[in-house]
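Trainee: I would like a close look at one part of this fold. Please take me through the sheet and what surrounds it.

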Amino acid sequence: MQKVSADLTRAGKSIGFVPTMGYLHEGHERLLQVARKENDYVILSIYVNPLQFGEHEDLEHYPRNIDHDLSVAKRNDIDYIFLPENKTMYPTPLSIEMVVSKRANVLCGRSRPGHFEGVVTILTKLFNICRPTKAYFGQKDAQQVAVVDALIQDFNFPVQLVSVPTVREKDGLAKSSRNINLSPQERSEAPAIQRALQKGKTLMQTDNPDIPEVIQETRQFLERETRGKIDYIELLSYPDLEPIETFDRQVILAVAVYYESARLIDNTVFRPGDMS
Ligand code: AMP
């Protein structure tokens, strides 16, 4: 893969890179389509990175279907698929560890210690292997976008970050490989996550909104609509992910909910005056 990308770079070709953990759905497919439009070559990586999973997380249960993934790649005219094994990515224990000190101690980073360290480590390796001109990430994982933005800036990766809007089911649920692990009852309740975010956003668009009150109302709405256990509901500046007292800049309202066998996340990013 490294030789291929070096040859393409030498030939002056642009490379669009879409890193995923596989079990591709229409969210991933949107990333591939945007990358296809904007680059000479597109590389898709499929790798379930053990380093970004905590001890009690769903690494073993993470869904896989490589035949399906290959057919998605084929119908989107993808040039290369990078499908490494653990022994290729981590042949020996790492001698150098990365620490994410900003943008990581809130939201998912707080519930999943070590997760973003795992993400920046694998991306550093993948960026060096695939040499992308542009790398594509979903806004569904907005904190990941913020952390990757910091990674690229802090370490001068010659990569342009592209953030792609969240693709949703008809009922508003954000598409996720983990949705398959919901029971029918949970699946019917889960669209409430998106409705709660919309409600919170609407509440914020009043004069001088009381932020703790908006969060409280959003929480109560979600608790009424689903039996999932709320991991967090937070409103922070975006992309800095700092707490705010007054609504005077771009913010993220983000939610994570635990169901029996899946933890779902979703968010909305908006500024004062954004109504839609
Ligand atoms: P994953 O395979 O979960 O690591 O996701 C790979 C990439 O696809 C990440 O950049 C995700 O943010 C993105 N992605 C996942 N779900 C969606 C979605 N529903 N809409 C847009 N992008 C998504």
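Which residue in strand 2 does Phe-17 stand opposite?

Mentor: Phe-17 stands opposite Ile-43 in strand 2. A word on the source: this is a predicted model, where local features need pLDDT of at least 70 and side-chain atom pairs count only at pLDDT 80 or more, while totals for chains, interfaces and linings use all residues. Residues are numbered from 1 along each chain as its sequence is written, and side-chain values use heavy atoms, leaving out hydrogens and water.

Now the pair itself. Strand 1 covers residues 15-20 and strand 2 covers residues 41-46. They pair in the parallel sense over 6 bridges. Strands here are DSSP runs of E, at least two residues, and helices are runs of H or I, at least four, both numbered from the N terminus. Two strands pair if DSSP finds at least two bridges between them.

Step back to the sheet. It is open, with 5 strands in the order 3-2-1-4-5 and parallel pairing. Strand 3 (80-82) and strand 5 (160-164) are the edges, each pairing on one side only. From one strand to the next, the twist averages 25 degrees. Axes are lines fitted to C-alpha atoms, for helices over the stretch in contact; angles run from 0 to 180 degrees between N-to-C directions.

Next, helix 2 (residues 26-38). This helix lies across strands 1, 2, 4 and 5. It runs at about 155 degrees to strand 4 (134-138).

Ile-43 also leads to Met-1. Met-1 sits in the segment before helix 1 (2-10). Not counting residues up to four places away in sequence, Met-1 touches Ile-43, Tyr-80, Phe-82, Ile-129 and Cys-130. Contact means heavy atoms within 4.5 Å.
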